[in-house]
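Visitor: I am new to this structure and would like a close look at a single part of it, with enough of the surroundings to see where that part sits. Could you begin with one spot and work outwards from there?

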Amino acid sequence: MAAPNPTPRFNPRGGDRRGPATPRPGLSLWYALGFILLLGLVQMYYLAPGGRAVPYSEFKSLLRNGSLAEVSVGDQTIRGTLKDSAVSTSQGAQKQFTTNRIDDPKLVEELEAQHVKYSGEMMNRWLPELLGWLLPLVFFVAIWGFFFRRMGGAEGGVMSFARSRAKVFADDEVKVRFADVAGVDEAREELKEIVEFLKNPKKYTNLGGKIPKGVLLVGPPGTGKTLLARAVAGEAHVPFFSLSGSEFVEMFVGVGAARIRDLFQQAEAKAPCIVFIDELDALGKARVQSPVGSHEEREQTLNQLLAEMDGFDSRKGVIIMGATNRPEVLDPALLRPGRFDRQVLVDKPDVKGREEILRIHVKGVKIASSVDLKLVAARTAGFAGADLANLVNEAALFAVRRGSKQIERIDFENARDRVVMGARRESLVLSAEERRATAIHEAGHAVVANSLSHADPVHKISIISRGQAAGYTMKLPGEDKHFHSRSEFVDDLAVMLGGYTVEKELLGELTTGASNDL
């Protein structure tokens, strides 16, 4: 049965959350300029003098010859009409004519002497006079508006320092779901409670319960903390604010605190929503007494964050989520109950989790049926989710280089070596003596590892240069380990010194190849 369409969410203050479409402020200015230009064109068309233009001397000759029937004397121009007899005797002549008026005191006397009908004309010049002062005003207003938008716009400027730099994703723009996150089952189960509260807050508030104001995701880099936060927003169908802790700290005092205030104002306007602050340790590092004083910018920003988290009501549905891989450096006031009062561990996945992550990332690529993802997961102990995504991508690149249309098992092997040891150095050519010394050195590691009971089994030995190593011996644990004994550490030290000892015994001298082992 198909799921019903979700009911549209509305802002409690009224109206759709996205708000009505606001017109661009620059369009009204262009409309006004276009209207003024249209008026000018209309006046030029209707008030333009008609007929052909003649010099004033020709106008006086026509007047003396008695060829004028009627004239209209204006401030700057004289318009007139020729007699029919004058038009017929002049080839190509027009009945209407215009000429520029000059200072001629005897003009009226000559018109009366020739019995020419004349009249005065007052030119309507209101539009040119209006444009004379209106156009400069519009020009300066446009320049002022342009610079004001540049100073206060979202792209940056002096006035935009105090605005939050958070990227806002609408409820229908976050496409990540819990099904897209694998290998962190415990963290996912804890965050489902947050999703349930955002969907149905009355379920908790009716009993007097309060949802945690802040959720702190803690774990090594690349384990999917940001992906989990986006999945919570995607499952709850709420807006998602995403930004980094370093975006609050600027060289100007007070900017970070202003951005914190602006962020919480935007979040309350779009509640229910999720505010995600990545790399929280850049903002929430423990406060210490500074030799230059205690009013530095970062501490003011942190104080504002603490005050805002205390001030807003959790019943509004604003959930603050943070992510860090260094929780030990955070300020204790940030971790107390009422702020980031719930910590969710997002650790590196086990072998089962790595297999699930690989199955998600291989959906977009073509892999051969012979590829065993369970075996690939077993041979990638210690890989985080980001490492596994990079592994699949590198395997696809190796398959393309081979000219294959699908990813084979050898591509995953090469990709793992590329990720762990580095790129293959084709340009490094070793001499016969150097290759023999490298082979003896790596054999020493392998023999010692094979003879010790607490050392990991040897998986691969190579004298092909990768990264900074001329050769390498790869050991893979048989299973994921969470605790290590003293015997394992002692055996690991013996394996590391195996190449050093074999060089000394078989070659009679040591090379610089053992420097990394030491």
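## One loop residue and its surroundings

Guide: Setting aside the neighbours that lie within four places in sequence, P220 is in contact with K225, N325, V346, D347 and K348. All of this is read from a predicted model. P220 itself is placed in the loop between β7 (214–218) and α8 (225–236). With a relative accessibility of 24%, P220 counts as partly exposed, because the range called buried ends under 20% and exposed begins over 50%. Of the contacts just named, K348 shows how the chain comes back to this loop: P220 and K348 are 128 residues apart in sequence, but 7.1 Å apart in space when taken from C-alpha to C-alpha.

This contact can be set against the chain as a whole, where, among contacts between residues at least 6 apart in sequence, 72% join residues at least 24 apart. The chain has 518 residues, of which 37% count as buried, and its secondary structure comes to 18 helices and 13 strands. The area that the chain exposes is about 30600 Å², with carbon and sulfur atoms supplying 56% of it.

From here we can turn to charged pairs, which link further parts of the chain. Side chains of opposite charge can pair when their charged atoms come close. The structure holds 13 salt bridges, and one of them joins R342 to E193, with 3.0 Å between the closest N and O atoms. That pair ties together distant parts of the chain, since R342 belongs to strand β11 (residues 342–345) and E193 to helix α6, 149 residues apart. R342 counts as partly exposed because its relative accessibility is 21%, and E193 is also counted as partly exposed, at 32%.

Helix α6 (residues 185–199) also holds a pair within itself, for D185 and R188 both lie there, three residues apart, about one turn of the helix. D185 forms a salt bridge with R188, and the closest N and O atoms of the two are 2.7 Å apart. What is the accessibility of each partner, buried or partly exposed? D185 has a relative accessible area of 32% and is therefore partly exposed, whereas R188, with 17%, is buried.

Further along the chain is helix α12 (residues 351–361), whose buried residues are G353, R354, E355, I357 and L358. Among the elements that cover these buried residues of α12 are α13 (373–378) and α14 (385–402).

Helix α13 appears again around an enclosed space. The model has one cavity of 30 Å³ or more, and the largest cavity holds about 110 Å³ of space. Its lining is made of V371, D372, L375, V376, R379, T380, L391, R409, F412, E413 and R416. The elements that give two or more residues to this lining are α13 and α15, and α15 gives the most, with four residues.

One of those lining residues, R416, forms a salt bridge with D417, the closest N and O atoms being 3.7 Å apart. Both partners count as buried, because R416 has a relative accessibility of 4% and D417 one of 0%. The pair is part of a wider arrangement, in which R379, E413, R416, D417 and K460 are linked in a network of salt bridges.

Helix α15 (409–421) also takes part in the largest pocket, where α15, α16 (432–451), β13 (472–475) and α17 (486–496) each supply at least two residues of the lining. This pocket has a volume of about 1000 Å³. Its lining comes to 34 residues, and those nearest the centre are E442, G471, Y472, T473 and D517. Helix α16 gives the most to the lining of the largest pocket, with six residues.

We can end on the surface, where L493, M496, L497 and L518 form a nonpolar patch with about 410 Å² of accessible area together. L518 is found in the segment after α18 (498–507), and this residue counts as exposed because its relative accessibility is 67%. That sets L518, an exposed residue, beside P220, the partly exposed one with which we began.

Methods:
Residues are numbered from 1 along each chain as its sequence is written. This is a predicted model: local features need pLDDT of at least 70, side-chain atom pairs count only at pLDDT 80 or more; totals for chains, interfaces and linings use all residues. Side-chain values use heavy atoms; hydrogens and water are left out. Buried means under 20% relative accessible area, exposed over 50%, partly exposed in between (1.4 Å probe, protein chains only). Contact means heavy atoms within 4.5 Å. Patches are made of residues with over 30% relative accessible area and no salt bridge: like charges are joined within 9 Å, nonpolar side chains (Val, Leu, Ile, Met, Phe, Trp, Tyr) within 5 Å. Accessible areas come from the Shrake-Rupley method with a 1.4 Å probe; for residues, only the protein chains shown count as cover. A salt bridge is a side-chain nitrogen of Lys or Arg within 4 Å of a carboxyl oxygen of Asp or Glu. On a 1 Å grid over the protein atoms alone, a cavity is a set of points where a 1.4 Å probe fits but cannot get out, and a pocket is an open set with protein on both sides within 12 Å along at least five of seven lines; lining residues have an atom within 4 Å of a point. Grid points are joined across faces, edges and corners, and a volume is the space filled by probe spheres set on the points.
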